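This report describes one protein model and the molecules placed with it. Please look over the sequence and the structure before reading on.

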Amino acid sequence: MAKKALVTGITGQDGSYLAEFLLKKGYDVFGLERRASTKNRGNIKHIESEIHFISGDMLDSNSLIRAISEAQPDEIYNLAAQSFVAESWHQKRYTHEVNSSGVINLLEAVYEVKPDAKVYQAGTSEMFGKVQETPQKETTPFYPRSPYGIAKLAAYWTVVNFRESYSLFACSGLLFNHESPRRGLEFVTRKITNAVVQIKLGLIDKFFLGNIGTKRDWGFAGDYVAAMWLMLQQNEPDDFVIATGKTNTVRKFVELAFEAVNIKIESNGKKGVDEKYIRTDTGSVVLEINSKFFRPAEVYLLMGDSSKARKKLGWKPKVNFEELVRMMVKSDLKLLSKK
Ligand code: NAP
Ligand code: F7E
């Protein structure tokens, strides 16, 4: 009989790649979907007919009980979240409710209805925040720097506590930034590729960013969902860092995106620190720094050490940073040229 998986956050970036991955493995895939005035299935349009949708919300315990009762899943992947860090300062309480209390709601429902289901919780490198060592690994002390990071850290400890209290098979993946052509437009990578392509097509002259000196360990979302699945195929539940081990500035991402559309930008050697503008080699300003996009507290450097996952799960990333940038630019070129 086919295995059954329930995926929360199925309409999001990771939910869409994970659903594809599980369908290919022969799973029956159930997706928890929030009610919206207009359906938001753009990322899963191509597999929509293969998914069993169940309506529900992380804030509504009863809907989670109902979803688990209906799906009777062998595996549950909790990807649902208010995932935009910058917004978490504007909606602190809401972010905490969805990203932390929502996890309590889910784990209680699992314990009540299907305690033998294996659970994956979407943890994050944002829990390392103001990093206490580099590279960051499973044993690195946490120091979250945003309401988002704080809520995710509370959820992480909730997972540990359900494991220790009730022997639930629950794992947290400590995933570093992962991107794709399906990334939301507000996240920096997609904001850059979308804007650079618009500049290339003559649709805009310039765009605005905040701190382009910050560093992230960026991987490809399609590679990272495989790690989520591998965690639930182990005999014992455990937590794993998933990362490429390489770090790059936002500025470097900008440089590679312009390079991918053959626009030459001036290199002034400042590498994103104290820069106010970036110009092309012919002098047009294509990027302006705007303090509006700076965060009240920043995470300056993330770089993960995923040796534990590489050794125990046999996981490794396939797409590198340069390939990721080119993939995203190419996809936005196709999308925007059509429009
Ligand atoms: P995403 O694209 O923003 O997707 C978030 C998903 O959560 C969407 O399907 C959204 O549904 C759903 N959702 C939000 N609030 C909900 C609620 N109250 N009840 C039910 N569903 C709700 O995020 P992502 O990039 O795929 O990330 C997936 C998970 O991994 C998130 O938990 C995120 O925090 C975490 N994470 C992401 C990264 C990364 O770099 N991408 C790294 C580490 C951890 P709607 O479509 O209805 O809005
Ligand atoms: O910012 C800087 C910004 O919003 C990356 C989420 O998936 O990964 C993601 O969180 C960096 C930050 O992602 C702009 O200040 C500069 O230093 O793309 P981001 P994030 O905050 O790292 C983690 C692992 C998650 O768990 C989250 O769910 O880029 N930056 N200028 C900017 N960022 C944005 N968004 N917009 C700017 O204009």
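The text below covers the domains, then the two ligands, then two local features of the backbone.

**Domains**

The model is a predicted one. The domain assignment splits the protein into two parts, each made of three stretches of sequence. Domain 1 takes in 4–180, 219–246 and 303–319, while domain 2 takes in 188–214, 249–299 and 327–338. Measuring from C-alpha atoms, the centres of domain 1 and domain 2 are 30 Å apart.

Where the two domains meet, eleven residues of domain 1 contact nine residues of domain 2. The area buried between domain 1 and domain 2 is about 870 Å², and 66% of it lies on carbon and sulfur atoms. Which three residues of domain 1 supply more of the area that it buries against domain 2 than any other three? They are Trp89, Arg145 and Glu179, with 49% of that area.

**Ligand 1**

Ligand 1 is surrounded by 25 residues, and the closest of them are Thr11, Asp14, Asn40, Ser83 and Tyr148. By type, this shell holds ten nonpolar, ten polar and five charged residues. Three elements, α1 (13–24), β5 (118–124) and α4 (147–166), each give at least two residues to the shell around ligand 1. The largest share comes from β5, with three residues.

Oxygen atoms of ligand 1 have polar partners in the protein, among them a backbone N or O atom of Gly9, a polar side-chain atom of Thr11 and a backbone N or O atom of Gly12. On its own, ligand 1 exposes 900 Å², of which the protein buries 88%.

**Ligand 2**

Around ligand 2 there are 22 residues, with Ser83, Thr124, Tyr148, Arg295 and Glu298 coming nearest. Ser83 and Tyr148 also appear among the closest residues of ligand 1. The shell around ligand 2 consists of eight nonpolar, seven polar and seven charged residues. Both domains take part in this shell: domain 1 and domain 2 each provide at least three residues.

Side chains that place a polar atom beside an oxygen atom of ligand 2 include those of Tyr148, Thr214 and Arg295. Taken alone, ligand 2 exposes 710 Å², and the protein buries 95% of that.

The table lists the distances for the contacts named above, each to an oxygen atom of the ligand.

| Ligand | Residue | Part of the residue | Distance |
|---|---|---|---|
| ligand 1 | Gly9 | backbone N or O atom | 3.3 Å |
| ligand 1 | Thr11 | polar side-chain atom | 2.6 Å |
| ligand 1 | Gly12 | backbone N or O atom | 3.1 Å |
| ligand 2 | Tyr148 | side-chain N or O atom | 2.7 Å |
| ligand 2 | Thr214 | polar side-chain atom | 2.9 Å |
| ligand 2 | Arg295 | polar side-chain atom | 2.6 Å |

**Backbone features**

Two loops hold a backbone feature to note. In the loop between β5 and α4 sits Pro135. The peptide bond that joins Thr134 to Pro135 is cis, with omega at about -5°. Both β5 and α4, the elements on either side of that loop, also give residues to the shell around ligand 1.

The other feature is at Ser167, in the loop between α4 and β6 (170–175). What is the phi of Ser167? The value is near 55°, which is positive although Ser167 is a residue other than glycine.

How values were computed
Residues numbered from 1 in each chain as written. Chains lettered and ligands numbered in written order. Predicted model: local features only at pLDDT ≥ 70, side-chain atom pairs only at ≥ 80, totals over all residues. Heavy atoms only, no water. Near = heavy atom within 4 Å. Polar contact = N/O pair within 3.5 Å; in protein donor to acceptor, adjacent residues only side chain to side chain. Areas by Shrake-Rupley, 256 points an atom, 1.4 Å probe, with all protein chains shown as cover. Nonpolar A, V, L, I, M, F, W, Y, C, P; charged D, E, K, R; others polar. Domains from an automatic or database assignment. Helix = DSSP H or I, 4+ residues; strand = E, 2+ residues; numbered from the N terminus. Contact = heavy atoms within 4.5 Å. Buried area = accessible area lost by both parts, 1.4 Å probe.
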